[in-house]
Each structure stands twice: as structure tokens, then as C-alpha cells.
Amino acid sequence: MNKQSVKDLGDEQLRGRRALVRVDFNVPLDASGHVGDDTRIRAALPTIELLLSRGARVILLSHLGRPKGKPESKYSLEPVSRRLADLLPGKRVCFVPSTDSDEAMKATHDEGTDVLLLENTRFLGGEETNDERLARSLAQLGDVFVNDAFGSAHRAHASTEGVARCLHPAVAGLLMEKELEYLGRAIANPQRPFVAVLGGAKISGKIDVIEQMLPKVDQMIIGGAMACTFFRAMGLETGKSLVEEDRVEMAKQLLSRAGDKLVLPSDARVAKSLDDPGSATDVQRDAIPADQAMFDIGPESAARFRALLESAKTVIWNGPMGVFETKPFHEGTEAVARGMEQATKNGCTTVVGGGDSAAAVTEMGLDTAMSHVSTGGGASLEFLEGRELPGVTALDDRA
Ligand code: ADP
Ligand code: MG
């Protein structure tokens, strides 16, 4: 990675100093306002613990949900601070119900606190507009800046990009570093065979990834509803499947350009509707009934994809193979996850990006069986598209 990380900071930059850390604590809260899945909080612990162990006090900034630039109690980070305190036994964790305020500033200087969480950055009008004055003001809250919010790095906001320009050193946290290393290494220097697996609902959301990755990969497996748009381009009947009519022409061009790099399903699991999963049957791809829709790849394709993945050396996966939320349309997605599990055991680097794919893998209990499951759906997609992540660009370069 060409950006400095928290590991590059010297003791004199940390001991007794305030480390301002942008984290991604955008966690789900249940109806009673308690933290549901705390994965994102736990993902930030290594950076927090490293900073504490090196004598810094930690000041945390995060957003939660989508408040529109003003306080909304249901998006308060206060419940998150309680979970954080549970996860950091023996540490003095405090919460301040404001962010850009005298109260917050004073709290950053309180030596009785180890970790201070400030209120939701999106309660501030200037956050999403990346207001210069706000960025400068936030920069006063710390002596060094650490960005560990990979999931927010594709947005130039005051607490991600703006503050990094105003407060130096500005470095990547451990989670950010890990994300960039895994995604970056796969793209820049992959061990081969390098296989990409793309799926999900829409080809339109992934077209830039396809274009960017196609020249780099040895094979590109296509599943999900995306496959149906390719079927249509091949002149096949797709019944009631989700097809993006305005992308059929593009799919045709990709087919002729990509040759045998593109690996499409040979069979499909179809049903009359999602409400009637009991009626699901498996058919060859040229036999999709006109009154039915493809909701998953078929078993033949699942086995073929799985075998392909098991002999790969680098795999990047973005987008489920079917409507995995509804059984029995989860089996294609599970086969891909199992293939990647085996590949990882064989020494392959396996990376899962994409919010729904990550959720599917976690649900199957296979998240720890992968080399890396990205915490940032949108950010990982933009990274794979070859776009710059402004929250990363603004950090200090390595000498
Ligand atoms: P990710 O978040 O991993 O990038 P996407 O958001 O692109 O993935 O797509 C995920 C969604 O695609 C899931 O909700 C899944 O139900 C849907 N999907 C997958 N295959 C199909 C299909 N054949 N028909 C309709 N929807 C599908
Ligand atoms: Mg998604």
C-alpha cells in the first residue's frame, strides 16, 4: 500500500496524544434502540487497541444511518458507545452527545478518558457537503488522524476526506489497510488462475466492474439475474426472469469480446414466482418456461462453478448467484461459497466484496473461511471499478 498506516506512526506522535479516528459504526439498531449485529464495531477494535497500547487517547468519529444534516435521536451513537464499552473491558469509554462543539473539544482533553465516541457526524450540516470550515473544526479534535472507515472511503465527506487534508499525520487504520491490501493485491498482482465471480440483481450496477476486471482475470463467472440478460443476448427464452432490456446490446458485445473468459450458467433453477418456492424445478438454460423466472443457477452450473473455484489461486466474488434469501434459491450461492472455502484451504486468496454477498457468506458461517470479507459494499465495488477512493487519496503517502 502506498499510504501510511497507523503502524508507521512513531511513539512521539502517539504517546499522550489524541488520535482522531474515523470509524464505520454504521450498525443496525433494533426496535428498542440496541445494537444488533456488532461486526463493524469489532472490526475497528484492532486499531483502537493498537493506539491505546501505544499511549494515545482515542477520539472516534462515525456516521450512523441517514439523518439529513440535523440531530435525530433514533440515529444517536449513544447505544453504540455502550456496546463499545462492553467490548473494551477495563477501558474508560465515554460518549459526548455532540461532535463539533466546545463540549466535544473539552472532552478530547480529558485525561480520565481512554476512548471518546462523539455523536453522529451526519447530524452536522457540513458533513456530506464536505464543508471546509467543518473539516478544519473537526481537525482540532485530534493530534493525528486515522481513517479506519473503509466503508465510507468512497465518499468525500468532512469527516473522511476533508479532515484528512487538515490534520497531519493522516494515516490508514488497520482495517482500512487490510481492505486495501487484499483488494489491491488481487487486482494489481494476482496469483493465477484469477477468477472473478459476479452476480446479483442488476448488470447495470456491475458493468464498470466487468469492464475493469475482464482484461485482468482468467475467467469471469456470471450468475444472478445478470446471467438472464446474457441469456437474452444469446437469443434464449428468459420467461419472467429479471432482464435489463436496455443492457442486452451491451451483453451481446461483451459475449463477442470476452470469448471463453465469460463462464455462464448452463442450467437454471426456475419457479412461477418467489412466493411459490415449492414449485421450483431445474431446467437447461435453453428450456426456461415462458411463464417462469430464473431465481438461481441450476445444480449442474453450481457444481461446475465450484470445481472451477477450487482450482483457482485468486478469487474475487461480488454478488450472489440467486435469490439466496429464499430457499431453495440459495444453493448456487452456497456452492460458490463452498468452492471458495476449499480454495482458501488450498492456498488461494479469496475476497468477498458486496454487501449482500458478505451477508450470505456470514449467514452460512463461512466468513472466517475466506481470506477476506470486505466490510464496505459500495466502497469495494468502486475500488474494483478502478475508481479513486477520496477518503484514501487524502491520506499521507508513504515516503
Ligand atoms: P451485492 O450487495 O453482494 O453487491 P447485489 O446487491 O448486486 O449484491 O445483488 C443482491 C441481490 O440480487 C439479492 O437481494 C438477490 O436476491 C438478488 N438476485 C440474485 N439473483 C437473482 C435473480 N436470479 N433474480 C432476481 N434477483 C436476484
Ligand atoms: Mg447489495
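Which residues lie nearest the centre of the largest pocket? They are Thr39, Thr362, Val373, Ser374 and Thr375. This is a predicted model, and the report below walks through its open and closed spaces, its ligand and a few features of its backbone.

**The largest pocket**

The volume of the largest pocket is about 770 Å³. Its lining is made up of 28 residues. Helix α2 (residues 39-53) contributes the most, with 5 residues. Four elements each bring at least two residues to this lining: α2, α7 (174-188), α13 and β15 (372-373). Sorted by class, the lining holds 10 nonpolar, 12 polar and 6 charged residues.

**The ligand site**

Where does ligand 1 sit? Ligand 1 occupies the second largest pocket. Two elements give two or more residues to the shell around ligand 1: β12 (293-297) and α13 (355-363). The largest share comes from α13, with 3 residues. Helix α13 also supplies at least two residues to the lining of the largest pocket.

In total, 17 residues surround ligand 1. The closest are Ala201, Lys206, Glu325, Asp356 and Ser357. By class, the shell has 6 nonpolar, 8 polar and 3 charged residues.

Three polar contacts of ligand 1 are set out here.

| Residue | Atom of the residue | Atom of ligand 1 | Distance |
|---|---|---|---|
| Ala225 | backbone N or O | nitrogen | 3.4 Å |
| Gly355 | polar backbone atom | oxygen | 3.3 Å |
| Ser357 | side-chain N or O | oxygen | 2.5 Å |

On its own, ligand 1 has 580 Å² of accessible area, and the protein covers 80% of that. Ser357 appears twice in this picture. It is one of the closest residues to ligand 1, and an N or O atom of the Ser357 side chain lies 2.5 Å from a ligand oxygen. Ala225 and Gly355 take part through backbone atoms instead: Ala225 faces a nitrogen atom of ligand 1, and Gly355 an oxygen atom.

**The closed cavity**

Rolling a probe the size of a water molecule over the atoms shows where empty space is left. How many cavities of 30 Å³ or more does the structure hold? It holds 1. About 50 Å³ of space lies in the largest cavity.

The residues that line the largest cavity are Asp24, Arg40, Ala43, Ala44, Asp148, Ala149, Phe150, Gly151, Leu175 and Thr375. Helix α2 makes the largest contribution to this lining too, with 3 residues. The classes split into 5 nonpolar, 2 polar and 3 charged residues. Thr375 links the two spaces: it lines the largest cavity and is among the residues nearest the centre of the largest pocket.

**Backbone features**

Most residues other than glycine have a negative phi, and most peptide bonds are trans. Three places in this model depart from those habits.

Which bond joins Arg192 and Pro193? A cis peptide bond does, with omega at about 5 degrees. Pro193 belongs to the loop between α7 and β7 (194-198). Helix α7 is also one of the elements that supply the lining of the largest pocket.

A cis bond also runs from Lys327 to Pro328, where omega is near 5 degrees. Pro328 falls in the loop between β13 (314-318) and α12 (331-345).

The third place is Asn130. Its phi is positive, near 55 degrees, although the residue is not glycine. Asn130 is in the loop between β4 (115-118) and α5 (132-139).

Terms used:
Residues are numbered from 1 along each chain as its sequence is written. Chains are lettered from A and ligands numbered from 1 in the order in which they are written. This is a predicted model: local features need pLDDT of at least 70, side-chain atom pairs count only at pLDDT 80 or more; totals for chains, interfaces and linings use all residues. Side-chain values use heavy atoms; hydrogens and water are left out. On a 1 Å grid over the protein atoms alone, a cavity is a set of points where a 1.4 Å probe fits but cannot get out, and a pocket is an open set with protein on both sides within 12 Å along at least five of seven lines; lining residues have an atom within 4 Å of a point. Grid points are joined across faces, edges and corners, and a volume is the space filled by probe spheres set on the points. Ala, Val, Leu, Ile, Met, Phe, Trp, Tyr, Cys and Pro count as nonpolar, Asp, Glu, Lys and Arg as charged, and the others, Gly among them, as polar. A residue is near a molecule or strand if one of its heavy atoms lies within 4 Å of it. A polar contact is a pair of N or O atoms within 3.5 Å; within protein, one must be able to donate a hydrogen and the other to accept it, and residues adjacent in sequence count only if both atoms are side-chain atoms. Accessible areas come from the Shrake-Rupley method with a 1.4 Å probe; for residues, only the protein chains shown count as cover. A molecule sits in a cavity or pocket if more than half of its atoms lie within 2 Å of its grid points.
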